Each structure stands twice: as C-alpha cells, then as structure tokens.
Amino acid sequence: MNILKIISLLAMLVSAGCAQETGAPASNDANSAADTAASANGDAGAENEADIDALLAAADPVLGKRQFIFCQACHTVAAGGANKLGPNLAGIVGKEAAVVPGFIFSAALAESGLVWDAASLDQWIANPAAMVPGTTMVFAGIRDPEQRANLIAYLQEIANPVD
Ligand code: HEC
C-alpha cells in the first residue's frame, strides 16, 4: 500500500471517529484531513485537538473536580502544594512538562519536550503510558472524553483562578 492510500484510509477512520464521539457534523472534516496528515508524521496528539476544543467549550469544572479523585492520591493542585507520588499540578495548563521543582521525573517525560495544553493533557489523561512510554505515572486512564474535558476544565480553573 502506498502512503497516500494509508493517509486516506486514516482520514476515513478519523472522521468516522470524530462523528461518532462528538456527534458533530461535517465541520470536523476539514480538520480531520489536516490532523491525519499530522498523525501520519507521528503527531498523534493533533487528531484530538478539534474534539477537545469542542468538548472543553461545554465542559463543567465542578464535575471535573469529582474526576480529580482519581488523581489526588498522587497529586495536589493548590499553588505551593506538596509533591506526593506525583508532582504538584498548580498552573499545569500551559506549563512545560517535567519542570516542577523538587520532583524527580522520569527521563521519558523529562525528554518529551511536551507542553501541557488541553490537547496534550487530554491524550495524557486518556493513557499516559501510551503517550509517553517509560513514564512513571501508573494510571490506566479515563476513557470517557467528556469526563476528561471536565477534568481539564477543573485543572484550567485551578491554573487560572478567577477571584
Ligand atoms: C499512582 C499515582 C498517580 C496517579 C493516580 C496520577 N498520577 Fe499524574 N503523575 C504521577 C507521576 C509519578 C508523575 C510523573 C511522571 C513521570 O515523571 O514520568 C505524574 C505526572 C503527571 C503530569 C505531568 C506533570 C508535569 O509537571 O509535567 C500530569 C499533568 C499528571 N500527572 C496529571 C494527572 C491527572 C490529571 C491524574 C488523574 C486523572 C493523575 N495524574 C493521576 C503519578 C500519578
């Protein structure tokens, strides 16, 4: 199979996936083609971007706080909070990966070059070990895209508190 066939096959799969997950109409198709090209280059994160933006627009940080029970055994979120088994997550949205002082990160995450935005957090929370093989975050992942979006909305609110 040549590369163009593979790309168009992926495009079909991705747009089928988008339509199923979000119920969004054809407006996603243009993005899907671009995302697919990015996926073919190994940028798996890009295919989530259109989805997560839409989901985030409708997300509920209060429900997201409930999702955080899956994280709080290992993470604090308040500014100046302690590092536990995992690093403090204050201000995590927009932050470079693996820069929290006083926490020893895996080489895999330290060398990932990631910046935490909605799309990368979405992918991480869905399956950290698949995104960064060798990470020391042992977490099976949250499968439901809406629950992930709510959780990211919660983290975002903590990162940029309005008071
Ligand atoms: C069992 C403990 C554990 C659980 C549960 C856990 N984490 Fe982690 N988390 C870690 C560890 C350990 C790391 C550091 C990973 C590394 O260095 O590879 C980490 C790293 C992270 C990072 C990257 C931080 C940075 O500064 O780059 C984010 C974001 C994160 N976790 C979010 C979450 C969220 C959100 C949840 C809940 C859905 C969660 N984690 C659940 C242990 C955990």
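This briefing describes the helices, the core, the ligand surroundings and a few single residues of one protein chain. The structure is a predicted model, with a mean pLDDT of 80 for the chain, and 67% of the residues reach 70 or more. The chain holds 8 helices and 0 strands, and 26% of its 163 residues count as buried.

**Overall layout and confidence**

- Read from the N terminus on, the elements of the chain follow the order α-α-α-α-α-α-α-α, which agrees with the count of 8 helices and 0 strands.
- When contacts between residues at least 6 apart in sequence are considered, 54% of them join residues at least 24 apart.
- The mean pLDDT of the chain is 80, but over residues 12–44 the pLDDT is below 50, and in the model this stretch has 39 contacts beyond near neighbours in sequence.
- Where pLDDT is low, the predicted coordinates should not be read in detail.

**The largest nonpolar core**

- The largest nonpolar core is made of 20 residues, and those with the most contacts inside it are Leu121, Ala149, Ile152 and Leu155.
- Two or more residues of this core come from each of the helices α3 (46–57), α6 (118–126) and α8 (145–159), and the greatest contribution is that of α8, which gives 7 residues.
- In soluble globular proteins, nonpolar side chains tend to be buried together.
- Leu121 is in contact with Val93, Trp116, Ile152 and Leu155, once its neighbours within four places in sequence are left aside.

**Helix α6 and its partner residues**

- Helix α6 is largely enclosed by the rest of the structure, because 7 of its 9 residues are buried.
- The buried residues of α6 are Ala118, Ser120, Leu121, Asp122, Gln123, Trp124 and Ile125.
- Ala118, which has its place in helix α6, counts as buried because it has 22 C-beta neighbours inside 10 Å, where 20 or more are needed.
- If neighbours within four places in sequence are left aside, Ala118 is in contact with Ile52, Leu56 and Ile152; the C-alpha atoms of Ala118 and Ile52 are separated by 6.9 Å, although the two residues are 66 residues apart along the chain.
- Ile152 is found in helix α8, and it counts as buried because it has 28 C-beta neighbours inside 10 Å.
- Leaving aside neighbours within four places in sequence, Ile152 is in contact with Leu56, Ala59, Ala118, Leu121 and Asp122; its C-alpha atom is separated by 6.7 Å from that of Ala118, a residue 34 residues apart from it along the chain.

**Around the ligand**

- The ligand is surrounded by 27 residues, of which the closest are Cys71, Cys74, Gly86, Ser106 and Met137.
- Two elements, α5 (107–110) and α6, give two or more residues to the shell around the ligand.
- By residue type, this shell divides into 22 nonpolar and 5 polar residues, with no charged residues.

**Three residues in loops**

- Ala98 lies in the loop between α4 (61–67) and α5, and it has a positive phi of about 65 degrees although it is not a glycine.
- Ala98 is buried because 20 other C-beta atoms lie within 10 Å, and the cut-off for a buried residue is 20 or more.
- Gly81 is also found in the loop between α4 and α5, but it counts as partly exposed because 14 other C-beta atoms lie within 10 Å, a number between the limits for exposed and buried residues.
- Not counting residues up to four places away in sequence, Gly81 touches Thr76, Asn88 and Ala90.
- Asp144 is found in the loop between α7 (128–131) and α8, and it counts as exposed because it has 11 C-beta neighbours inside 10 Å, where the cut-off is 12 or fewer.
- The C-alpha atoms of Asp144 and Ala126 are separated by 8.2 Å, and these two residues are 18 residues apart along the chain.

Note on methods: Residues are numbered from 1 along each chain as its sequence is written. A nonpolar core is a set of buried Ala, Val, Leu, Ile, Met, Phe, Trp, Tyr and Cys residues joined through C-beta atoms within 7 Å. Helices (H or I, at least four residues) and strands (E, at least two) are DSSP runs, numbered from the N terminus. Two residues are in contact if their C-beta atoms, placed from the backbone, lie within 7 Å. A residue is near a molecule or strand if its C-beta atom, placed from the backbone, lies within 6 Å of it. Ala, Val, Leu, Ile, Met, Phe, Trp, Tyr, Cys and Pro count as nonpolar, Asp, Glu, Lys and Arg as charged, and the others, Gly among them, as polar. pLDDT is the predictor's confidence in each residue, from 0 to 100.
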